[in-house]
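Dear colleague,

Please find below the structure that I am handing over to you. I should be grateful if you would read the notes that follow with the model open beside them.

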Amino acid sequence: MRSWSSPVVPKLEGTGPRLRLWDSADRVLRPITPGRKAGMYVCGITPYDATHLGHAATYLAFDLVHRLWLDAGHEVEYTQNITDVDDPLLERAERDQRDWQGLAAEQIELFRTDMAALRVVPPHDYVGVTESVDLVVAMIEKLVANQSAYVVTEGEYPDVYHRITATEDFGYVSGYDRDEMVRIFRERGGDPDRAGKADPLDALLWRAARPGEPSWPSPFGPGRPGWHIECSAIALDRIGFGFDVQGGGADLVFPHHEFSAAHAQAQIGHGRFARNYVHAGMIGLDGEKMSKSRGNLVFVSKLRAAGVDPSAIRLALFAGHYRADRSWDQGLLEEAQARLARWRQAASLASGPAAHDAAARLREHLANDLDTPKGLAAVDSWAVEALAHGGSDRAAPGLVATAVDALLGVSLVP
């Protein structure tokens with residue numbers, strides 16, 4: 001599937017420091033140690049209401065990871081999926097009396113436009129589930145063959161499920177106990193009460209065709225992929241087993257990332273799906289949870305249509321730490337707009353105070369678990385001094401503009 005156009009990412013002098021990130025699975029902050037190539041898989045949208053600020057916050061966080069790896073001299077193999085067939089999409093299409101494929105195409109294009117406007121460096125591979133059904137079917141065949149999966153024979157539909165007992169370390173990604181898993185599984189699309197399953201937590205791999213639903217042929221009968229298996233199959237195909245970072249929002253820790261890892265590990269037979277699991281916090285609105293059910297989502301496209309500079313959106317979301325649950329409100333946006341105006345004014349000066357220390361501190365703070373609040377403060381300090389006292393370093397404004405562009409993805413050119 002076509003991705004979106006890439007912004008030009010300028011190159012800073014020297015090489016950035018090694019990136020450290022919080023691993024959600026091991027609950028530890030540690031260095032990320034890729035080789036020459038750094039591999040990242042970030043779960044993409046289900047295209048029926050893209051792109052709200054929760055999406056934006058997640059993809060901006062992993063855009064920082066991408067940029068910091070580039071700054072450290074790595075080649076980046078980045079894959080992102082699109083869940084372009086799934087229950088929420090089909091339900092929205094039915095509600096709105098739309099063709100589900102047309103709705104998906106419309107929302108995917110809107111997402112591309114938003115990502116390009118936000119200056120997100122695109123993934124190398126941007127892959128739809130509908131493009132990957134053959135990969136999913138082949139993987140399920142292997143899981144059935146090694147007895148990690150089975151067909152439910154009770155009831156009308158012969159769905160295929162994954163056994164949670166197929167891997168010895170199931171649960172390591174979330175760290176949840178069984179009761180919590182069952183509760184969250186039920187809340188987030190699981191079916192613990194499905195008759196005929198070997199275990200209530202076994203996850204759907206292949207949904208047998210239901211009347212009126214899209215389906216594809218398979219050895220198990222016509223149907224479509226379950227949610228978690230799509231990411232396992234796409235990641236294994238595009239970047240392989242044991243890649244550096246599995247990323248997404250914190251709401252994907254369980255069941256999605258837990259089962260994506262379990263499916264892949266059950267096929268391979270050993271090891272860990274990803275070396276590091278990294279998750280972004282949730283975005284609220286005016287102190288309340290932002291959600292589809294509440295109807296209080298804030299969309300990037302609507303902010304852009306109202307004339308909000310995408311660089312101000314980036315700065316507003318970077319004002320809080322990526323792992324923190326945080327709130328969006330008008331005051332946050334206004335502060336970001338004022339910060340952007342201040343930085344642009346300082347960067348437009350003919351000269352300013354020396355900026356090498358500010359650029360180095362920006363690099364260091366971002367490399368320390370994407371600490372954007374401290375990174376923004378480092379640039380603030382330079383901009384305030386430049387506007388208040390000036391300086392004689394003619395290269396300083398350009399260095400700050402380059403560092404902010406390369407590392408934060410914020411353009412200081414109005």
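The notes below cover helix contacts, then cavities, then one pocket.

Please keep in mind throughout that this is a predicted model.

Helix contacts

Two packed helices are described by the angle between their axes and the distance between the axes. Two pairs are reported here on that basis.

The pair H6 and H7 comprises residues 227–238 and residues 253–268, respectively. Their axes come within 8 Å and cross at roughly 55 degrees. An angle of that kind is neither under 35 degrees nor within 65 to 115 degrees, and H6 and H7 are therefore oblique to each other. The crossing in which H6 passes H7 is right-handed. On the H6 side, the contact is made by Trp227, His228, Ile229, Cys231, Ser232 and Leu236. H7 contributes Pro255, His256, Phe259, Ser260, His263, Ala264 and Gln267 to this contact. By class, the contact of H6 with H7 holds seven nonpolar and six polar residues, with no charged residue.

The second pair is H12, residues 372–389, and H13, residues 396–408. Here the axes come within 12 Å and cross at roughly 165 degrees. Since angles over 145 degrees count as roughly antiparallel, H12 is roughly antiparallel to H13. The crossing of these two helices is left-handed. Leu376, Val379 and Trp382 of H12 meet Ala396, Pro397, Val400, Val404 and Leu408 of H13. The contact of H12 with H13 consists of eight nonpolar residues, with no polar and no charged residue.

Cavities

How many cavities of 30 Å³ or more does the model contain? The count comes to three.

The largest cavity has a volume of about 60 Å³. Its lining is formed by Ala57, Leu60, Ala61, Leu64, Leu317, Phe318, Gly320, His321, Tyr322, Arg326 and Thr372. Helix H1 (53–71) and helix H9 (310–318) are the elements that give two or more residues to this lining. H1 gives the most, with four residues. The lining of the largest cavity divides into seven nonpolar, three polar and one charged residues.

The second largest cavity encloses about 40 Å³ of space. Around this cavity lie Ala355, Ala358, Ala359, Leu362, Val379, Trp382, Val400, Ala403 and Val404 as lining residues. H11, H12 and H13 each supply at least two residues of the lining. By class, this lining has nine nonpolar, no polar and no charged residues. Val379 and Trp382 of H12, together with Val400 and Val404 of H13, belong to the contact of H12 with H13 and also line the second largest cavity.

The second largest pocket

What volume does the second largest pocket have? About 220 Å³ of space lies in it. The residues that line this pocket are Lys11, Leu12, Glu13, His356, Ala359, Ala360, Arg363, Ala395, Ala396, Leu399 and Thr402. Helix H11 (356–367) and helix H13 (396–408) each supply at least two of them, and H11 gives the most, with four residues. The lining of the second largest pocket has six nonpolar, two polar and three charged residues.

Two residues link this pocket to the features above. Ala359 lines the second largest pocket and also the second largest cavity. Ala396 lines the pocket and takes part in the contact of H12 with H13.

With kind regards

Technical notes: Residues are numbered from 1 along each chain as its sequence is written. This is a predicted model: local features need pLDDT of at least 70, side-chain atom pairs count only at pLDDT 80 or more; totals for chains, interfaces and linings use all residues. Side-chain values use heavy atoms; hydrogens and water are left out. On a 1 Å grid over the protein atoms alone, a cavity is a set of points where a 1.4 Å probe fits but cannot get out, and a pocket is an open set with protein on both sides within 12 Å along at least five of seven lines; lining residues have an atom within 4 Å of a point. Grid points are joined across faces, edges and corners, and a volume is the space filled by probe spheres set on the points. Ala, Val, Leu, Ile, Met, Phe, Trp, Tyr, Cys and Pro count as nonpolar, Asp, Glu, Lys and Arg as charged, and the others, Gly among them, as polar. Axes are lines fitted to C-alpha atoms, for helices over the stretch in contact, and angles run from 0 to 180 degrees between N-to-C directions. A crossing is left-handed if the near helix is turned anticlockwise from the far one by less than a right angle, and right-handed if clockwise. Contact means heavy atoms within 4.5 Å.
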